[in-house]
Amino acid sequence: MRADAADQARARDAVSAAALLAVDPQTLGGAAIRALAGPVRDQWLALVRGWLPADRPWRRMPLNIADGRLLGGLDLSATLAAGRPIAERGLLAEADGGVLLLAMAERLSAGTVARLSAVLDDGELRLARDGIAATVPARLAVIALDEGIEADEGLAAPLLDRLAFRLELDGLRRLDPEAGGFDAASIAAARARLAQVELPDAVITALTATAGMLGIASLRAVWLATRAARAAAALDGRDRVSEVDGTMAARLVLAPRATRLPSAEPPPESAEPPPPSEQDDSPPADPPPPPPENGPDSDEDAPPIDLDPMLQEVLLAAATAAIPPGLLAQLKAGAQAGKARASGKSGALQKAAARGRPSGSRRGEPRAGQRLALIDTLRAAAPWQRLRRQERLMRGMAATASAPKVLVRREDFHVARLEQRRETTTVFIVDASGSSALNRLAEAKGAIELLLADCYVRRDRVAVIGFRGTTAELLLPPTRSLVRAKRSLAGLPGGGGTPLATALDAAIELADAIRRRGETPGLVLLTDGRANIGRDGKPGRMQAEADASAAAKRLAASGHATLFVDTSPRPQPGAARLAGEMRAVYLPLPFADARALSTAVKAVSPSGRKQG
Amino acid sequence: MPLPFPFSAIVGQEEMKQALLIAAVEPAIGGVMVFGDRGTGKSTAVRALAALLPAMEAVIGCPYNCAPDDSSDACRTSLDQLGKARKKTHKVPVPVVDLPLGATEDRVVGALDLEKALAQGSKAFEPGLLARANRGFLYVDEVNLLEDHLVDLLIDVAASGENVVEREGLSIRHPARFVLVGSGNPEEGELRPQLLDRFGLSVEVSTPTDLQARISVVRRRDAFERDRAAFIEQWKPVDDKVRRRIVAARKRLPDVQVPDAVLERAAELCLALGTDGLRGELTLMRAARALAALDGDAVVGDAHLKRVASPSLRHRLRRNPLDDAGSTTRVERAVSQLFGA
């Protein structure tokens, strides 16, 4: 069976990736494993661990690790005992030379991802915390355990870009560790050989060209592929990278990153700009830079593409064959692969100011869930120690052994100030039916554009659901990009029935999804409230209104903040009643313009302010 | 610290390299912001620049690397404290200080020296990153992910040129004039407009799309990783040439003339684009002058203005929801309207 053959190939690739990673963990960056917790994932991890030298550190990083533990800082107990500052090593420094395992990596916050990325890039950790400034070595590989299920959950792109391998293990029953004929001894031998492995120019050229044809913009991908090819050659006991190694690198490193299928007749220079999937939020890039200024060894660049097309074809074929089936379907459908999982989201719901990232401290006593800022408290106490000790002596308290080492008083107490940024996503549910006068559509578009125009200040996002005929459709997934919003709104047609219940269901679903991602949804419903299509898609005012009323109550129960904008020229009591049922703010806006609407939305929508 | 990649071996990215050189010649430009995709050599370029800069003269023992002939107010405090050592100077490398994510405020602004406080019970100031960056560069990678309270701090210090520490019973002010270099990916979070405004130049980098350039990037990196010392040695003559160019440009800079006609052009350009405030014109003029100095020209001409227009102005445009064009396109359009025909 074909599926079986594909699974076997996937299992073999997983074993090969484990072996390559074990040969050169630090240079390859690591691997992203997309799978739920299970025996196969454990088996793969055991494989890597078993093939690494026994003395290499193997650390697991919990999801919500504090900066103090991750980066290091002041070791308080040791500091107090010794009477001088003693630094504590963070997890990154501890994992130097080994592997750092990220649990639930799809939920890492952007800040943690950036810290990890910096360490992966530099191979060292720059620390500037708690009175300690140091640069400590941290050459490590990261294995990110991505347990995302939905397409939009996944490892954050900056981290994904830095890890050589991406493996999907779900659906595999077991791995055969013997598959590649690797064992700890052969891998250790390969590690010793690695430094002398030569990388011929032809392989570099072929891998670069292959990446271009697969629409891989990042040069780091090509770089990692060349490193993987070297490791493969070393593993095979050769001193020169050959076609076979290049093929393996193309399969393992390049294929999972493909964003398009190579065209049927690839001209050698078809490395045209990648699809603008990653640049939606940024202004168009500059024209390509002028050719590089030639250095002293300009001969290195002199020959144009000198590779034999055979090699390139072999690599390309290997990579194309290894593109995961899911990705392939997406590519064929013309979807922008990788876009959906572009960002890892921290899933925490907003709570009181008892959590979040520390942002300094202020004087005060810890109460009502506030955390004592220990370091700052000690800092405040530190200068007074000598004085206080003298005071104690004067008051007749002898400096016995039982006297505390540090004299902390009430006025020293500092509490941590925490803040958590909360993103707000405003969901517009726009009635595009025939009854809702079409001109209101233009207003909705205008209001959305105005909101987006200042969303870079507010850090808000916008989504649009349009409904007409028998269906409700997500026209614009949550975005901050003005260009994208305009593009999708421009294509919103009008006319047809009013399937209000269906629209409300879709809105609740989207709002719930937004809330699960730790953001705050706000709904803005633009309609005249005259439902005439039921949930089943059949016309009939009675049933449609009953359905709409039921959906409205569901919306009320879900507790999302809602603004009901009645767009009919003469506001109807029915619409007001419906707004009451969904516990929405009711706003009849018979003659409003886009600006007035935008102001109203801003006033109602839960603004994502910081909490201090 | 591992040896950095040579500046001149960076393939392409001419706009970024030009902006960094301008900042090295004319620190008053107010910093460089580099926007770009992942893996485009943003960090590499900044670290490479550090290795390239000629050493500078500084007072021995001054924690802020004060120049011996600097008589501005902010410096006097530190010079007075030094007393006799005033005239003694030594050559120090231009500091390029990293502000890492996760840095705490006390290390950035400086704070009570914990060691002295705990061990001797004495109150001493331990200078922070801002002090170390004085007269050099402060580099913030992923500046859009920096905590808000640190951003506020940077905005304040970058504008005033001095760092005022009022904490833990300390009351200290010291000079903190540095070129702020930020890098970031706009997809991963927007930058506060106030901070963006502090950057004199903003450049956009993208991954090279030309196959030949891409191959060169990978090849050079491979050669570098294989034998860093040899690779740097190989590129040393080119790097030295760039260094000499910077030194010559610094010397020439005060004598570079800016004709009134060019100033007028700059004003017209800013007017046409509707940039806020005068900072745009000022930056445009300074950048054009520094570029002329780098090119060895004695007078600033239209050509210089044209080349610095995009980096000087593109981040100062008001966002116009009704104009789809990116800011770079808008600047280029205005430039061609003004200079063209």
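This dialogue explains how to read several features of the predicted model shown above.

User: What should be known about numbering and about the limits of a predicted model?

Analyst: Residues are numbered from 1 along each chain as its sequence is written, and chains are lettered from A and ligands numbered from 1 in the order in which they are written. In this predicted model, local features need pLDDT of at least 70 and side-chain atom pairs count only at pLDDT 80 or more, whereas totals for chains, interfaces and linings use all residues.

User: What is the average pLDDT of chain A?

Analyst: The term pLDDT denotes the predictor's confidence in each residue, from 0 to 100. Chain A averages 75, and 72% of its residues score at least 70. Among the elements of chain A, helix α18 (residues 455–458) has the lowest mean pLDDT, 55, and strand β5 (residues 99–102) the highest, 92. Helices (H or I, at least four residues) and strands (E, at least two) are DSSP runs, numbered from the N terminus. Over residues 264–305 of chain A the pLDDT stays under 50.

User: Is strand β8 of chain A buried or exposed?

Analyst: A residue is buried if 20 or more other C-beta atoms lie within 10 Å of its own, exposed if 12 or fewer, and partly exposed in between, with C-beta atoms placed from the backbone. In strand β8 (residues 141–146) of chain A, 6 of the 6 residues are buried, so the strand is largely enclosed by the rest of the structure. Ala141(A), Ile143(A) and Leu145(A) lie on one side, and Val142(A), Ala144(A) and Asp146(A) on the other.

User: Which strands pair with β8(A)?

Analyst: Two strands pair if DSSP finds at least two bridges between them. Strand β1 (residues 30–34) of chain A pairs with β8(A) in the parallel sense over 5 bridges; there, Gly30(A) has Val142(A) as its bridge partner. Strand β5(A) also runs parallel to β8(A), joined by 4 bridges, and Leu102(A) stands opposite Ala144(A).

User: How is the sheet containing β13 of chain A ordered?

Analyst: The 6 strands form an open sheet with mixed pairing, in the order β14-β13-β12-β15-β16-β17 (chain A). Its edge strands, β14 (471–479) and β17 (585–588), each pair on one side only. Strand β13 (residues 460–468) and β14(A) are antiparallel over 6 bridges, with Gly466(A) opposite Glu473(A).

User: What is notable about the phi of Arg135(B)?

Analyst: Most residues other than glycine have a negative phi. Arg135(B), although not a glycine, has a positive phi of about 70°. Arg135(B) lies in the loop between α6 (129–132) and β7 (137–140) of chain B and counts as buried, with 21 C-beta neighbours inside 10 Å.

How values were computed: Two residues are in contact if their C-beta atoms, placed from the backbone, lie within 7 Å.
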